[in-house]
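Reader: I've got a structure open on my screen and I'd like to talk it through with you. Shall we take it piece by piece?

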Amino acid sequence: MVDARFAMPVEQLVQLEDRESGLSGVIAIHSTALGPAAGGCRFWRYPDADAVAADAVRLAEGMSYKNAMAGLPFGGGKAVLRLPEGPFDRDALFRAFGRAVRALEGRYVTAEDVGTRVRDMEVIADETRHVAGRTARPGLAGGDPSPWTALGVFEAMAVAARRSLGADLSELTVAVQGTGNVGGILCRMLADAGARLVLADVDPERRERLAAIHGARVVDVAEIATAEAEIFAPCALGGALDAATVAAMPAKLVCGAANNQLATPDVAALLVDRGITYVPDYVANAGGIINVSAEYLGESSLDVEARVMAIGPRVATILDQADREGVSPALVADRMAREIIASAKRL
Ligand code: NAD
């Protein structure tokens with residue numbers, strides 16, 4: 001179907017309403033050309049139903065591209081649930097959501113996203129097997145995806161730094177915005193690799209703890225994008241790169257874990273104009289979904305590692321192509337992802 005409100009094709013938009021549990025939201029299935037639509041379940045406050053649907057459609061399309069570029073046998077989907085205003089029974093709500101996922105008979109596979117956690121996935125698993133991000137089982141993929149996401153970002157950054165800055169990470173300073181699950185691990189990896197760090201986080205405890213460990217410099221959150229550094233790593237929320245930020249940023253390479261780093265699509269061209277190399281967010285941060293998909297398929301951590309280590313060479317291919325054409329790597333990655341999905345559809 002095509003939802004006219006977003007002028008963006010989605011295969012299916014499933015409305016979720018369950019008065020008894022308070023469940024309210026949507027499941028957006030953007031594409032199943034490559035396999036079941038896989039993407040996490042976001043549980044957040046939204047002003048109205050339109051905002052929920054818009055976010056779900058946008059995120060589901062992003063998952064199609066991310067899964068395609070990571071070489072996974074999955075399409076793209078996303079669930080967005082509204083956090084109820086008043087008190088609610090969390091388990092009952094996620095059981096109701098689990099029944100909705102079950103009704104899709106494997107067309108959509110869910111996992112954690114902003115606002116959901118492992119325990120919620122365990123509750124969903126009581127209702128459907130089309131869920132990942134559960135407690136890790138020995139020898140098999142699963143558990144916290146953040147270390148895999150951080151490893152993928154690290155590999156992407158190392159390759160991009162050598163290619164675009166002609167330097168090893170040990171010779172460079174990286175400004176990390178957000179030192180949470182992924183950003184924190186990335187900081188440790190960068191410090192181990194000999195990189196200098198500048199950090200910012202809205203949470204004072206997190207940033208001070210990391211700064212103490214690595215001897216990094218801590219700056220105010222408003223100053224991290226303009227801090228003296230060769231690399232900027234957005235690892236907090238989306239929209240870190242807008243026109244004003246790009247104009248003022250001293251870094252010549254952007255590579256981080258955050259989803260949707262470009263506040264608007266036209267920022268990609270502004271980065272090119274300023275000679276800043278941008279590693280497309282969904283290519284760099286695919287480690288998490290790689291881990292989640294391996295868990296769903298019953299694969300091992302070795303399978304996950306092999307796929308995450310392929311992120312670096314993939315980034316090199318994208319940057320080479322972007323350079324040859326004189327366009328943004330974001331444009332090249334989107335085009336590659338659409339081609340992978342289109343050829344699967346043709347088959
Ligand atoms: P997290 O919540 O653990 O960490 C985010 C950190 O950013 C927190 O410490 C928070 O205090 C900080 N923060 C928020 N606003 C900030 C601001 N304006 N300036 C500086 N710091 C700020 O989340 P996470 O799991 O580490 O994920 C980080 C980003 O990576 C998110 O955008 C997420 O969608 C994306 N991502 C995560 C994974 C994963 O495996 N966890 C996978 C793919 C993408």
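Reader: By class, how many nonpolar, polar and charged residues does the shell around the ligand have?

Author: Keep in mind that this is a predicted model. In it, 25 residues surround the ligand, and the closest are Thr149, Gly178, Gly180, Ala236 and Gly288. Glycine counts as polar in this scheme. Sorted that way, the shell comes out as 10 nonpolar, 12 polar and 3 charged residues.

Reader: Which helix gives the most to that shell?

Author: Two helices each supply at least two residues of the shell around the ligand: α4 (146–165) and α5 (181–192). The top contribution is 3 residues, and it comes from α5.

Reader: Let's stay with α4. Are α4 and α11 roughly parallel or roughly antiparallel to each other?

Author: The axes of α4 and helix α11 (residues 301–309) come within 9 Å and cross at roughly 30°. Angles under 35 degrees count as roughly parallel. So α4 and α11 are roughly parallel.

Reader: And by class, what is the contact of α4 with α11 made of?

Author: α4 passes α11 in a right-handed crossing. On the α4 side you'll find Trp148, Leu151, Gly152 and Glu155, and they meet Val304, Val308 and Met309 of α11. Split by class, that contact has 5 nonpolar, 1 polar and 1 charged residues.

Reader: How do the residues of the contact of α12 with α13 divide by class?

Author: Helix α12 (residues 311–325) and helix α13 (residues 329–346) have axes that come within 8 Å and cross at roughly 115°, and the crossing is right-handed. Ile318, Leu319, Gln321 and Ala322 in α12 meet Pro329, Val332 and Ala333 in α13. Those residues divide into 6 nonpolar, 1 polar and no charged.

Reader: Over to α2 and α3: which residues make the contact?

Author: Helix α2 (residues 90–103) packs against helix α3 (residues 118–125) at an angle of about 55°, with the axes 8 Å apart. That angle makes α2 oblique to α3. From α2 come Asp91, Phe94, Arg95, Phe97, Gly98 and Val101, and from α3 come Asp120, Val123 and Ile124.

Reader: Last one: how many Å apart do the C-alpha centres of domain 1 and domain 2 lie?

Author: Each domain is pieced together from two stretches of the chain: domain 1 is 2–63 + 74–125, and domain 2 is 146–285 + 313–339. Taking the C-alpha centre of each, the distance between domain 1 and domain 2 is 28 Å.

Key:
Residues are numbered from 1 along each chain as its sequence is written. This is a predicted model: local features need pLDDT of at least 70, side-chain atom pairs count only at pLDDT 80 or more; totals for chains, interfaces and linings use all residues. Domain bounds come from an automatic or database domain assignment. Axes are lines fitted to C-alpha atoms, for helices over the stretch in contact, and angles run from 0 to 180 degrees between N-to-C directions. Helices (H or I, at least four residues) and strands (E, at least two) are DSSP runs, numbered from the N terminus. Angles under 35 degrees count as roughly parallel, over 145 as roughly antiparallel, 65 to 115 as roughly perpendicular and the rest as oblique. Two residues are in contact if their C-beta atoms, placed from the backbone, lie within 7 Å. A residue is near a molecule or strand if its C-beta atom, placed from the backbone, lies within 6 Å of it. A crossing is left-handed if the near helix is turned anticlockwise from the far one by less than a right angle, and right-handed if clockwise.
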